[in-house]
Amino acid sequence: MFEGWGVVITGAGSGMGAEAARRFAREGARVVVSDIDGAAANAVALEIAAPGPRDEPVRAIGVACDVASAQDCARLVASAESFFGAPVDVFLANAGVSFAGDFLTADPEALKRIVDVNVTGSVFSAQAALRSLVKSRRASLIFTSSISGVTARAKRSVYNASKHALAGLVKSLALEFGPAGVRVNAIAPGSTDTPFLRTHLAKVEDDVDAAVARIVSAMPTGRLVSPEDFADAAVFLASPAAKSITGHTLLLDGGAASGRM
Ligand SMILES: NC(=O)c1ccc[n+]([C@@H]2O[C@H](COP(=O)([O-])OP(=O)(O)OC[C@H]3O[C@@H](n4cnc5c(N)ncnc54)[C@H](O)[C@@H]3O)[C@@H](O)[C@H]2O)c1
């Protein structure tokens, strides 16, 4: 479905971003796999790129980028345009870091880093991306928000705040860039089976396995969201099937935000 398209994904060295990169590539896109961990990004890109027929263009490259740096984001988009030989068609601003813990005793520098990556990093990614996306005829900007951007939980203060900020960014950019032909949406996953989930829970739970079991039992679908579910949602939002969808945050939470079971 995405033959000839150019897709850029941040935070794609692991978890949902990596799975979305594999999926877009399988659907025919050329993909820039980006992560603050350049080795992880390269590993995912290599896995996607090999083994290809000799006359086929390289399917994926890895690019190191800390989204909290405006220079890194600008360099990422410049590398993508030169790899694609064309503007970026889909930019998935997926990189994010977690905060869980007591608000009063939290290290101010750690709190600042959550805002720097999840909010400022999304803003810098979007600004760099949109300068290229406005030149594409099928442009889509997608953020990875969270169920924590729609509802809140205690001991997740700054993470909740950072993801709520994305809802405003999505709506505002959808209005500003709709006339230029760019759709802007977010995916808000619930608890998803990636390394992030366990790291996040380990900050506030003594028994992570028991916490995961409690989460699963509170989900109407009876299972964690999978990285493949996330890739399905990203592919849908980027596709022509979603041509009337913009300014929207899509909950991908197995029904968890609907209420208590
Ligand atoms: N896993 C969940 O339960 C869950 C739920 C809701 C939302 N999310 C969100 O999904 C996104 C992806 O998370 P995941 O679950 O795939 O986690 P993950 O830890 O598997 O992957 C996140 C990737 O982001 C990278 N990263 C971190 N800081 C970065 C930075 N400054 N610049 C660039 N890359 C950076 C990491 O190196 C890592 O490879 C995040 O935005 C997260 O907030 C996760």
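How many residues surround the ligand, and which are the closest?

## The shell around the ligand

In this predicted model, the ligand is surrounded by 29 residues. The closest of them are S14, M16, D35, Y159 and T194. Sorted by class, the shell consists of 12 nonpolar, 13 polar and four charged residues.

## Polar contacts and burial

Two side chains place a polar atom beside an oxygen atom of the ligand: that of S14 at 2.6 Å, and that of Y159 at 2.7 Å. The backbone also takes part, with a polar atom of V67 lying 3.1 Å from a nitrogen atom of the ligand. On its own, the ligand would expose 830 Å², of which the protein buries 91%.

## Contributing elements

Two or more residues of the shell come from each of helix 1 (15–26), helix 4 (108–133), helix 5 (157–177) and helix 6 (195–202). Helix 6 makes the greatest contribution, giving three residues.

## The surroundings of V67

V67, whose backbone meets a nitrogen atom of the ligand, belongs to the loop that joins strand 3 (60–64) to helix 3 (70–84). V67 counts as buried because its relative accessibility is 5%, and buried means under 20%.

Leaving aside residues up to four places away in sequence, V67 touches T10, C73, A95, V117, G121, F124 and S125. The C-alpha atoms of V67 and K203 are 23 Å apart in space, while 136 residues separate the two in sequence.

Methods:
Residues numbered from 1 in each chain as written. Predicted model: local features only at pLDDT ≥ 70, side-chain atom pairs only at ≥ 80, totals over all residues. Heavy atoms only, no water. Near = heavy atom within 4 Å. Polar contact = N/O pair within 3.5 Å; in protein donor to acceptor, adjacent residues only side chain to side chain. Areas by Shrake-Rupley, 256 points an atom, 1.4 Å probe, with all protein chains shown as cover. Helix = DSSP H or I, 4+ residues; strand = E, 2+ residues; numbered from the N terminus. Nonpolar A, V, L, I, M, F, W, Y, C, P; charged D, E, K, R; others polar. Buried < 20%, exposed > 50% of the residue type's maximum accessible area, 1.4 Å probe, protein only. Contact = heavy atoms within 4.5 Å.
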